[in-house]
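This report covers helices, backbone angles and charged side chains in one model. The sequence and structure come first.

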Amino acid sequence: MNAMPEKLGLIAGRGAYPLLLAESAKKQGVRHLFAIAFRGETARGIGRLADSVAWLRVGQLQAMLDAIRDSAVPGVVMAGQIAPRNLFSVRPDARMLGLLRRLDRWNAHTIFGAIGDELRAIGVELLPASSFMEAAMPAPGTIGGREPTEGELADIRFGIAVARSVSALEIGQTVVVKQGVVLAVEAFEGTDETLLRAGRLGGPGAVAVKVAKRGHDMRFDIPVVGERTFRMLRRIRAGALAVEAGRTILLEREKLVKTAGRIGLAFVATRVEHDGIEKG
(Lines give C-alpha, C1' and ligand atoms only; values in the text may rest on other atoms or scores of the structure.)
Protein backbone atom coordinates (compact mmCIF):
# COMPACT_ATOMS: atom_id res chain seq x y z
CA MET A 1 0.00 0.00 0.00
CA ASN A 2 1.38 3.39 -0.99
CA ALA A 3 -0.52 5.56 1.50
CA MET A 4 -2.34 4.84 4.74
CA PRO A 5 -6.09 5.12 4.07
CA GLU A 6 -8.23 7.02 6.56
CA LYS A 7 -11.10 4.59 5.94
CA LEU A 8 -10.86 0.88 5.30
CA GLY A 9 -13.31 -1.93 4.71
CA LEU A 10 -12.77 -5.45 6.06
CA ILE A 11 -14.64 -8.53 4.85
CA ALA A 12 -14.17 -10.71 7.92
CA GLY A 13 -14.40 -14.48 7.93
CA ARG A 14 -13.60 -17.06 10.62
CA GLY A 15 -10.79 -17.17 13.13
CA ALA A 16 -8.29 -14.77 14.66
CA TYR A 17 -6.92 -13.40 11.39
CA PRO A 18 -9.63 -10.73 10.80
CA LEU A 19 -9.35 -9.57 14.42
CA LEU A 20 -5.57 -9.27 14.28
CA LEU A 21 -5.73 -7.45 10.95
CA ALA A 22 -8.33 -5.02 12.33
CA GLU A 23 -6.16 -4.34 15.37
CA SER A 24 -3.05 -3.84 13.23
CA ALA A 25 -4.84 -1.51 10.80
CA LYS A 26 -6.02 0.73 13.62
CA LYS A 27 -2.56 0.81 15.19
CA GLN A 28 -1.04 1.79 11.84
CA GLY A 29 -3.33 4.78 11.41
CA VAL A 30 -6.64 3.73 9.86
CA ARG A 31 -9.11 6.10 11.48
CA HIS A 32 -12.37 4.41 10.52
CA LEU A 33 -12.69 0.65 10.02
CA PHE A 34 -15.89 -0.72 8.53
CA ALA A 35 -16.39 -4.49 8.73
CA ILE A 36 -18.62 -6.91 6.89
CA ALA A 37 -19.22 -9.80 9.30
CA PHE A 38 -21.04 -13.09 8.71
CA ARG A 39 -23.46 -14.68 11.15
CA GLY A 40 -22.18 -18.01 12.39
CA GLU A 41 -18.69 -17.34 11.01
CA THR A 42 -17.10 -14.08 12.17
CA ALA A 43 -16.01 -13.78 15.82
CA ARG A 44 -18.15 -11.37 17.84
CA GLY A 45 -14.96 -9.58 18.89
CA ILE A 46 -14.95 -7.74 15.56
CA GLY A 47 -17.52 -5.41 17.11
CA ARG A 48 -15.01 -3.94 19.56
CA LEU A 49 -12.30 -3.47 16.96
CA ALA A 50 -14.25 -2.01 14.04
CA ASP A 51 -15.92 1.39 14.14
CA SER A 52 -18.98 0.03 12.37
CA VAL A 53 -20.11 -3.49 11.42
CA ALA A 54 -22.70 -4.86 9.02
CA TRP A 55 -23.77 -8.39 10.00
CA LEU A 56 -24.92 -10.47 7.03
CA ARG A 57 -25.49 -14.08 6.02
CA VAL A 58 -22.98 -15.82 3.77
CA GLY A 59 -24.22 -15.43 0.20
CA GLN A 60 -25.82 -11.99 0.56
CA LEU A 61 -23.67 -10.41 -2.14
CA GLN A 62 -26.03 -7.56 -3.03
CA ALA A 63 -26.42 -6.54 0.63
CA MET A 64 -22.64 -6.67 1.05
CA LEU A 65 -22.00 -4.49 -1.99
CA ASP A 66 -24.67 -2.02 -0.87
CA ALA A 67 -23.19 -1.80 2.62
CA ILE A 68 -19.66 -1.29 1.29
CA ARG A 69 -20.84 1.39 -1.14
CA ASP A 70 -22.74 3.19 1.62
CA SER A 71 -19.67 3.08 3.91
CA ALA A 72 -17.68 5.11 1.33
CA VAL A 73 -14.48 3.13 1.92
CA PRO A 74 -12.03 3.31 -1.01
CA GLY A 75 -10.69 -0.20 -0.46
CA VAL A 76 -11.43 -3.45 1.37
CA VAL A 77 -9.40 -6.41 2.59
CA MET A 78 -10.65 -10.00 2.77
CA ALA A 79 -9.41 -11.85 5.85
CA GLY A 80 -10.38 -15.19 7.37
CA GLN A 81 -12.08 -18.25 5.98
CA ILE A 82 -15.68 -19.23 5.46
CA ALA A 83 -16.50 -22.79 6.57
CA PRO A 84 -16.14 -25.10 3.53
CA ARG A 85 -19.63 -26.55 4.06
CA ASN A 86 -21.10 -23.15 3.17
CA LEU A 87 -20.02 -23.55 -0.44
CA PHE A 88 -22.81 -26.11 -0.81
CA SER A 89 -25.25 -25.15 1.96
CA VAL A 90 -25.30 -21.38 1.39
CA ARG A 91 -28.52 -19.81 0.10
CA PRO A 92 -27.21 -17.16 -2.31
CA ASP A 93 -29.15 -14.05 -3.22
CA ALA A 94 -29.87 -13.27 -6.86
CA ARG A 95 -26.61 -11.29 -7.30
CA MET A 96 -24.49 -14.10 -5.86
CA LEU A 97 -26.38 -16.74 -7.82
CA GLY A 98 -25.71 -14.85 -11.03
CA LEU A 99 -22.01 -14.61 -10.17
CA LEU A 100 -21.74 -18.35 -9.48
CA ARG A 101 -23.55 -19.25 -12.68
CA ARG A 102 -20.99 -17.30 -14.70
CA LEU A 103 -18.11 -19.39 -13.33
CA ASP A 104 -16.89 -22.56 -15.01
CA ARG A 105 -15.60 -23.90 -11.68
CA TRP A 106 -15.82 -22.94 -8.03
CA ASN A 107 -12.65 -22.33 -6.04
CA ALA A 108 -11.03 -19.50 -4.09
CA HIS A 109 -9.45 -17.96 -7.18
CA THR A 110 -12.59 -17.90 -9.30
CA ILE A 111 -15.12 -16.92 -6.61
CA PHE A 112 -13.06 -14.29 -4.80
CA GLY A 113 -11.69 -12.97 -8.08
CA ALA A 114 -15.26 -12.48 -9.31
CA ILE A 115 -16.19 -10.72 -6.07
CA GLY A 116 -13.17 -8.46 -6.62
CA ASP A 117 -14.61 -7.59 -10.03
CA GLU A 118 -17.96 -6.76 -8.40
CA LEU A 119 -16.20 -4.47 -5.93
CA ARG A 120 -14.29 -2.76 -8.73
CA ALA A 121 -17.59 -2.14 -10.51
CA ILE A 122 -18.77 -0.03 -7.56
CA GLY A 123 -15.46 1.85 -7.36
CA VAL A 124 -13.87 -0.09 -4.48
CA GLU A 125 -10.41 -1.69 -4.64
CA LEU A 126 -9.80 -5.17 -3.25
CA LEU A 127 -6.49 -4.83 -1.40
CA PRO A 128 -3.96 -7.62 -0.73
CA ALA A 129 -4.93 -9.94 2.12
CA SER A 130 -1.51 -9.27 3.64
CA SER A 131 -2.23 -5.54 4.06
CA PHE A 132 -1.28 -4.37 7.57
CA MET A 133 0.08 -7.86 8.32
CA GLU A 134 3.51 -7.56 6.70
CA ALA A 135 5.27 -7.98 10.05
CA ALA A 136 3.60 -11.39 10.43
CA MET A 137 5.20 -12.77 7.26
CA PRO A 138 8.46 -14.62 8.07
CA ALA A 139 11.87 -14.32 6.43
CA PRO A 140 13.68 -17.53 5.38
CA GLY A 141 15.21 -19.58 8.18
CA THR A 142 14.28 -21.38 11.37
CA ILE A 143 11.34 -19.62 13.04
CA GLY A 144 11.14 -21.64 16.23
CA GLY A 145 11.74 -25.00 17.86
CA ARG A 146 14.70 -27.06 16.70
CA GLU A 147 16.63 -27.24 13.43
CA PRO A 148 15.26 -29.82 10.95
CA THR A 149 17.18 -33.02 10.44
CA GLU A 150 18.65 -33.94 7.05
CA GLY A 151 15.77 -36.37 6.54
CA GLU A 152 13.22 -33.67 7.34
CA LEU A 153 14.94 -31.25 4.96
CA ALA A 154 14.67 -33.85 2.21
CA ASP A 155 10.97 -34.27 2.98
CA ILE A 156 10.52 -30.48 2.95
CA ARG A 157 12.08 -30.24 -0.51
CA PHE A 158 9.91 -33.06 -1.78
CA GLY A 159 6.80 -31.67 -0.08
CA ILE A 160 7.30 -28.25 -1.64
CA ALA A 161 7.59 -29.75 -5.12
CA VAL A 162 4.34 -31.66 -4.55
CA ALA A 163 2.55 -28.72 -2.91
CA ARG A 164 3.45 -26.38 -5.76
CA SER A 165 2.00 -28.78 -8.30
CA VAL A 166 -1.14 -29.46 -6.26
CA SER A 167 -1.84 -25.82 -5.43
CA ALA A 168 -1.47 -24.86 -9.09
CA LEU A 169 -4.52 -27.04 -9.71
CA GLU A 170 -6.49 -25.12 -7.02
CA ILE A 171 -6.68 -28.25 -4.85
CA GLY A 172 -5.03 -27.02 -1.64
CA GLN A 173 -1.96 -25.42 -0.10
CA THR A 174 -0.80 -28.15 2.32
CA VAL A 175 0.99 -31.46 1.78
CA VAL A 176 2.15 -33.88 4.49
CA VAL A 177 5.13 -36.14 3.81
CA LYS A 178 7.10 -38.77 5.74
CA GLN A 179 10.31 -40.39 4.49
CA GLY A 180 9.53 -39.48 0.90
CA VAL A 181 5.94 -40.75 1.01
CA VAL A 182 3.00 -38.36 0.52
CA LEU A 183 0.62 -39.08 3.40
CA ALA A 184 -2.03 -36.46 2.68
CA VAL A 185 -2.83 -33.66 0.28
CA GLU A 186 -5.15 -30.87 1.34
CA ALA A 187 -8.42 -30.69 -0.55
CA PHE A 188 -11.87 -29.38 0.39
CA GLU A 189 -11.63 -30.52 4.01
CA GLY A 190 -8.99 -27.93 4.97
CA THR A 191 -5.63 -28.05 6.74
CA ASP A 192 -6.77 -29.46 10.09
CA GLU A 193 -8.43 -32.55 8.64
CA THR A 194 -5.50 -33.05 6.28
CA LEU A 195 -3.09 -33.18 9.22
CA LEU A 196 -5.30 -35.58 11.16
CA ARG A 197 -5.55 -37.90 8.16
CA ALA A 198 -1.76 -37.84 7.77
CA GLY A 199 -1.28 -38.65 11.43
CA ARG A 200 -3.59 -41.65 11.22
CA LEU A 201 -1.75 -42.97 8.18
CA GLY A 202 1.87 -42.26 9.03
CA GLY A 203 2.15 -41.91 12.78
CA PRO A 204 4.64 -39.56 14.49
CA GLY A 205 7.34 -37.63 12.65
CA ALA A 206 5.44 -36.36 9.61
CA VAL A 207 6.56 -33.18 7.81
CA ALA A 208 3.88 -30.65 6.85
CA VAL A 209 4.51 -28.13 4.07
CA LYS A 210 2.29 -25.12 3.30
CA VAL A 211 2.88 -22.86 0.28
CA ALA A 212 1.10 -20.39 -1.96
CA LYS A 213 0.51 -21.45 -5.53
CA ARG A 214 2.44 -20.06 -8.48
CA GLY A 215 0.92 -16.81 -9.66
CA HIS A 216 -1.02 -16.62 -6.38
CA ASP A 217 -3.41 -13.66 -6.15
CA MET A 218 -2.36 -12.05 -2.88
CA ARG A 219 -5.72 -10.31 -2.54
CA PHE A 220 -7.26 -13.47 -1.10
CA ASP A 221 -6.63 -16.99 0.17
CA ILE A 222 -3.12 -16.25 1.39
CA PRO A 223 -1.64 -19.13 3.46
CA VAL A 224 -2.22 -18.57 7.18
CA VAL A 225 -0.85 -20.55 10.14
CA GLY A 226 -2.14 -20.11 13.69
CA GLU A 227 -2.69 -21.91 16.97
CA ARG A 228 -5.31 -24.27 15.54
CA THR A 229 -2.78 -25.63 13.09
CA PHE A 230 -0.25 -26.11 15.88
CA ARG A 231 -2.77 -27.97 18.02
CA MET A 232 -3.18 -30.42 15.17
CA LEU A 233 0.59 -30.72 14.66
CA ARG A 234 1.00 -31.52 18.35
CA ARG A 235 -1.86 -34.01 18.24
CA ILE A 236 -0.28 -36.02 15.39
CA ARG A 237 3.23 -35.56 16.84
CA ALA A 238 4.52 -34.01 13.62
CA GLY A 239 8.27 -33.58 13.21
CA ALA A 240 8.41 -30.39 11.15
CA LEU A 241 6.37 -27.60 9.58
CA ALA A 242 7.68 -25.60 6.63
CA VAL A 243 5.92 -22.47 5.38
CA GLU A 244 6.73 -20.20 2.47
CA ALA A 245 8.83 -17.18 3.45
CA GLY A 246 7.28 -13.82 2.65
CA ARG A 247 3.98 -15.33 1.53
CA THR A 248 2.54 -16.85 4.71
CA ILE A 249 0.91 -15.04 7.62
CA LEU A 250 1.78 -16.30 11.10
CA LEU A 251 -0.95 -15.46 13.59
CA GLU A 252 0.38 -14.64 17.07
CA ARG A 253 3.87 -15.64 16.07
CA GLU A 254 5.35 -15.54 19.58
CA LYS A 255 2.88 -18.18 20.76
CA LEU A 256 3.70 -20.38 17.78
CA VAL A 257 7.43 -20.13 18.50
CA LYS A 258 6.88 -21.12 22.14
CA THR A 259 4.69 -24.03 21.16
CA ALA A 260 7.23 -25.26 18.60
CA GLY A 261 9.89 -25.29 21.29
CA ARG A 262 7.65 -27.05 23.77
CA ILE A 263 6.65 -29.87 21.40
CA GLY A 264 10.05 -30.25 19.72
CA LEU A 265 8.82 -29.17 16.27
CA ALA A 266 11.19 -27.96 13.56
CA PHE A 267 9.40 -24.79 12.41
CA VAL A 268 10.99 -23.18 9.35
CA ALA A 269 10.28 -20.70 6.56
CA THR A 270 11.62 -21.47 3.11
CA ARG A 271 12.20 -19.33 0.06
CA VAL A 272 10.40 -21.20 -2.68
CA GLU A 273 11.94 -21.12 -6.12
CA HIS A 274 10.73 -22.80 -9.30
CA ASP A 275 13.50 -25.38 -8.99
CA GLY A 276 13.59 -26.00 -5.25
CA ILE A 277 13.99 -24.29 -1.89
CA GLU A 278 16.57 -22.18 -0.22
CA LYS A 279 16.72 -22.14 3.57
CA GLY A 280 18.38 -19.32 5.46
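Which residue with a positive phi follows α7? That residue is Glu170, with phi near 65 degrees.

The model is predicted: local features need pLDDT of at least 70, side-chain atom pairs count only at pLDDT 80 or more, and totals for chains, interfaces and linings use all residues. Residues are numbered from 1 along each chain as its sequence is written, and side-chain values use heavy atoms, with hydrogens and water left out.

**Helices and backbone**

Helices and strands are DSSP runs (H or I with at least four residues for helices, E with at least two for strands), numbered from the N terminus. The expected span of a helix is 1.5 Å times one less than its number of residues. Helix α7 covers residues 150-168; its 19 residues reach 27 Å from the first C-alpha to the last, close to the expected 27 Å. Helix α6, residues 108-121, has 14 residues and reaches 20 Å between its end C-alpha atoms, close to the expected 20 Å.

Buried means under 20% relative accessible area, exposed means over 50%, and partly exposed lies in between (1.4 Å probe, protein chains only). Buried residues of α7 include the charged residues Glu152, Asp155 and Arg164, along with Leu153, Ile156, Ile160, Val162 and Val166. In α6, the buried residues include Ile111, Ile115, Glu118 and Leu119. Gly123, just after α6, has a positive phi of about 85 degrees.

Most residues other than glycine have a negative phi. Ala72, in the loop between α3 and β4 (75-79), has a positive phi near 65 degrees. Glu252 also has a positive phi, near 55 degrees, and sits in the loop between β12 and α10. Glu252 is partly exposed, at 29% relative accessible area. Leu251 lies in that loop between β12 (249-250) and α10 (253-263), and is buried at 8%. The C-alpha atoms of Leu251 and Met133 are 9.3 Å apart, although 118 residues separate them along the chain.

**Charged side chains**

A salt bridge is a side-chain nitrogen of Lys or Arg within 4 Å of a carboxyl oxygen of Asp or Glu. The structure holds twelve salt bridges, among them the three in this table.

| Pair | N to O distance |
|---|---|
| Glu41 and Arg14 | 3.8 Å |
| Arg69 and Asp66 | 3.1 Å |
| Glu189 and Arg197 | 2.3 Å |

Glu189 is partly exposed at 31% relative accessible area, and Arg197 is partly exposed at 28%. Elsewhere, salt bridges with shared partners join Arg95, Arg102 and Glu118 into one network; Glu118 is one of the buried residues of α6.

Why does the salt bridge of Glu41 and Arg14 tie together parts that are 27 residues apart in sequence? Glu41 lies in the loop between β2 (32-38) and α2 (46-49), whereas Arg14 lies in the loop between β1 (7-12) and α1 (17-27). Glu41 is buried at 10%, and Arg14 is partly exposed at 25%.

Arg69 and Asp66 both belong to helix α3, three residues apart, about one turn of the helix. Arg69 is partly exposed at 42% relative accessibility, as is Asp66 at 27%.

Arg39, Arg44, Arg57 and Arg91 form a positive surface patch. Patches are made of residues with over 30% relative accessible area and no salt bridge, with like charges joined within 9 Å. Arg57, in the loop between β3 (52-56) and α3 (61-71), is partly exposed at 48%.

Conventions
Patch = residues over 30% accessible without salt bridge, like charges linked within 9 Å, V, L, I, M, F, W, Y side chains within 5 Å. Areas by Shrake-Rupley, 256 points an atom, 1.4 Å probe, with all protein chains shown as cover. Lys, Arg positive; Asp, Glu negative; His and termini not counted. Charge placed at Lys NZ, Arg CZ, Asp CG, Glu CD.
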